[in-house]
Structure formats: structure tokens, C-alpha cells
Amino acid sequence: MIDKYRKLFNQQFSAQKYAAFQQDIADDFDYVPTFRIAESPFFISEELKKQLIEGSEQVIAFITQPNFKEQTERALALNTRVPNEDEHTTFLAIDFGICEEEGKVIPKLIEVQGFPSLFNFQQVLFGKFKKQYPFLADLTPYISGISESEYARIIEEAICNGHAKENVILLEIEPEKQNTKIDFYYCRRELGVPIVCVTELVKKGKQLFYTDVSGREILVKRIYNRVIFDELELRKDLKLNFSFSDELDVEWAGHPNWFFRISKYILPMLKGPYFIETTLLSELNEIPSDLENYVLKPLFSFSGSGVIFHVTKEDIEAVQEKDLYILQKKVNYIPILQAPDGKVKVEVRVLCVWQKDAAAPTLLCNLVRLSRGEMIGVKFNKDKDWVGGSLGLFEK
């Protein structure tokens with residue numbers, strides 16, 4: 001999208017540099033991430049940046065409405081409600097596919113999540129790219145004119161809220177088995193926050209405790225929540241010593257209820273040029289005759305789980321809980337990033353934090369996914385290069 005930097009990057013790129021880049025990440029924890037990290041950043045033009053900001057601000061305008069909780073109460077009725085919900089989400093991730101409409105490039109909202117993403121890893125990733133390609137120092141992944149140190153401060157404040165680090169935990173289901181654990185490692189390294197499995201917490205009264213590496217029992221005052229309830233529901237083998245529905249004396253960095261409120265649940269409510277025609281199955285008057293132009297998605301799944309890309313009439317009729325699925329119009333992802341051997345499709349996730357005294361979320365950084373497959377996602381991009389996780393860079 002910025003020809004000057006794209007040409008410069010492609011001229012300097014080599015398989016050796018990419019291998020060194022990968023090794024630099026692996027060396028930090030003697031660990032190779034299980035998801036593919038792409039060869040290149042995405043150079044985002046000023047025009048596309050303005051569109052991404054405008055689209056994000058329209059999503060934010062919707063979720064900051066005074067009656068937003070009332071509009072999304074049904075989302076909680078369909079799921080596990082966790083007590084002591086705060087006034088607003090802490091984290092916000094807004095996913096845009098870079099598409100073509102009437103011959104013009106336009107970002108289209110694919111998904112929105114009131115849930116954290118790879119906030120720590122993305123900051124490190126920029127440094128790893130700069131080490132191999134020093135000219136990238138002229139660019140930035142940060143959106144609102146913030147510095148790298150300001151970004152780090154905002155993330156630390158959002159996760160820790162001033163508590164002693166030992167009293168803040170990153171909570172996940174078997175964190176060592178998660179694809180995103182590289183982000184957990186950087187979070188622990190940068191913030192000193194321990195990584196704890198849900199099975200390791202012990203409840204005493206309304207308090208939660210974990211045991212640290214020295215065998216001490218430590219009180220949990222704040223939870224940086226990375227648990228996806230979809231996964232938790234499937235893991236009947238796990239034995240928890242507490243329930244998320246318990247009344248607990250604990251703060252949440254990302255209260256679980258916001259995962260449901262700000263989700264695909266709100267997509268049918270969003271109208272405008274950056275939003276896709278989306279219908280809740282329970283509100284579908286008739287099944288479209290051109291189903292090849294639609295995709296069927298469960299409302300509260302994560303990482304593309306349960307999505308039916310080649311949807312049929314039988315697929316729709318087979319859905320029992322129609323309140324839990326949407327039918328979404330497909331969009332035309334445009335191959336836009338110039339790789340050495342062709343062009344690649346792009347999705348940009350705008351990463352936001354809603355600071356506790358702010359009127360609205362702040363747009364901070366981004367995450368990019370590159371794809372040559374039918375869809376963005378690992379299973380559609382096996383054995384391909386110039387695909388996977390990356391980040392977008394803007395001119396300063």
C-alpha cells in the first residue's frame with residue numbers, strides 16, 4: 001500500500017533474513033511459536049489508515065451508547081454470566097478484511113471482540129522486524145500518535161491497575177498448550193505477571209489463591225483473563241476449584257462478560273459502509289437462494305471455530321439454537337500485499353484499550369494476518385509462504 005517501503009522491503013528480503021528473524025524470536029524463550037509468523041509487515045497508506053480509524057470509531061460509537069448493556073443483555077442470557085461486571089470493556093479488538101468494493105479498496109468489519117489479543121507480542125514483533133530491516137524505524141505500528149513507552153505504560157496499567165505484580169495473574173486453560181503462549185511469555189517478561197492455569201487456583205471464601213514457584217500461596221487481586229468460555233465448556237476433564245459464576249473478591253482485566261457483549265452478537269446491529277450484511281439466524285425470514293455468497297458463523301466461537309464457509313440450506317436448517325448463529329455476506333478480499341511471487345490477502349486487527357477514566361477506548365496498535373487461502377486462518381494457508389501473523393506499519 002506504500003510502494004516506496006514495499007519495494008525497499010522486497011529488495012532487502014532474503015530467506016536468510018527471514019530465518020534470522022524467526023530465530024531471534026525463538027531465542028527469547030527457547031521456543032518456536034506454533035502459529036506462523038509472516039515474512040513481511042503490511043505497509044498501510046494514509047488513506048487506508050484513515051478508513052481503519054473511521055471504521056473503528058464507528059464501532060466504538062456503537063459500544064459507547066448509554067443503552068449498550070441493555071442492547072446486549074441477551075448475549076449474557078445465552079451464556080455464563082460472571083458477577084461484578086465493570087462499566088465497560090478493558091480490551092477491544094476490531095478485525096477488518098481489506099476488501100474491494102466497486103473497484104475501490106475498503107476495510108470491512110469481519111469481527112469485533114471485547115477481549116485481549118497479542119498486545120505484548122506485537123510490540124516485540126516490531127523490534128524484531130527493525131533489527132533485520134533498520135529502515136522500518138521510520139515507520140510505526142502505533143495508531144494514535146503514541147510512543148512505544150506510552151503504549152507499554154497503557155498496557156501495564158490496563159493489566160495490573162497498580163497492583164503488585166505477584167497479585168496479578170494471566171489466567172488461561174492449560175497455557176502451555178495454547179497457540180498464543182508466546183504472548184503470555186512476553187507479558188510475564190515485560191510485566192512480571194505470573195501465568196496460571198484455571199486448575200491451579202484455589203478458592204477460600206471469596207478469595208482466590210495460586211502457589212508460586214517457591215511454594216508460597218499468593219492472593220489473587222486481579223485477573224488478566226485469557227480464558228475462552230467456548231473452550232472451557234468443552235473441557236469436561238478439567239477440575240476447577242472455583243466457578244466463574246462465583247461471587248469473588250477479585251478485579252478483572254477484561255471482565256469475561258464483555259467477551260459475549262462485544263462479539264459477533266453486535267454485527268447485525270452495525271450499519272454503514274464498513275460493515276457487512278449480517279443476520280441472526282433466528283431473525284432470518286427466508287434462506288437466500290445465493291448461499292454461495294454467505295458464510296455461517298457461531299456467535300461466540302474463537303479463532304474461526306465452527307465457521308461454515310460453503311454453507312448449504314441443510315446447514316442452516318440443521319442449526320438447533322438459531323439465536324447462537326449468524327449468516328454473513330461474504331466480502332471480496334483483495335490480494336493487496338505484493339510478495340515476490342504474487343499478491344496476498346490481508347486482515348487488520350485494530351487493538352484498543354479502554355482506560356479506566358476515559359470516555360472511550362483508545363486505538364493503540366494493530367495485528368495483521370496475511371493469507372493466500374480461501375479464508376484468513378491457519379488451516380486455509382498450510383504449506384504457503386508470506387502468510388501468517390504480522391503487523392501493519394504507518395508513516396509517522
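**Close-up views of a predicted model**

**View 1. Ala358 in the loop between strands E16 and E17**. Ala358 lies in the loop that connects strand E16 (342-353) with strand E17 (362-371) of this predicted model. With a relative accessibility of 28%, Ala358 is classed as partly exposed. Tyr274 is separated from Ala358 by 84 residues in sequence, and the C-alpha atoms of the two residues are 25 Å apart in space.

**View 2. Lys108 in strand E3 and its surroundings**. Lys108 belongs to strand E3 (residues 104-113). Because its relative accessibility is 8%, Lys108 counts as buried, the cut-off for that class being under 20%. A polar contact of 2.9 Å links the side chains of Lys108 and Glu101. Beyond its neighbours within four places in sequence, Lys108 is in contact with Asp95, Phe96, Gly97, Cys99 and Glu101, as well as with Pro273, Tyr274, Phe275, Ile276 and Val331. Tyr274, one of these contacts of Lys108, is also the residue whose distance from Ala358 is given in View 1.

**View 3. The hairpin of strands E8 and E9**. Strand E8 (residues 207-211) and E9 run antiparallel and are joined by four bridges. One bridge pairs Thr211 with Glu217 of E9. Five residues lie between the two strands of the hairpin, and in the turn Gly215 adopts a positive phi of about 90°.

**View 4. The two faces of strand E9**. In a regular strand, side chains alternate between the two faces of the sheet. In strand E9 (residues 217-220), Ile218 and Val220 form the covered face, whereas Glu217 and Leu219 form the uncovered one. Glu217, on the uncovered face, is the bridge partner of Thr211.

Conventions:
Residues are numbered from 1 along each chain as its sequence is written. This is a predicted model: local features need pLDDT of at least 70, side-chain atom pairs count only at pLDDT 80 or more; totals for chains, interfaces and linings use all residues. Side-chain values use heavy atoms; hydrogens and water are left out. Buried means under 20% relative accessible area, exposed over 50%, partly exposed in between (1.4 Å probe, protein chains only). Two strands pair if DSSP finds at least two bridges between them. A polar contact is a pair of N or O atoms within 3.5 Å; within protein, one must be able to donate a hydrogen and the other to accept it, and residues adjacent in sequence count only if both atoms are side-chain atoms. Contact means heavy atoms within 4.5 Å.
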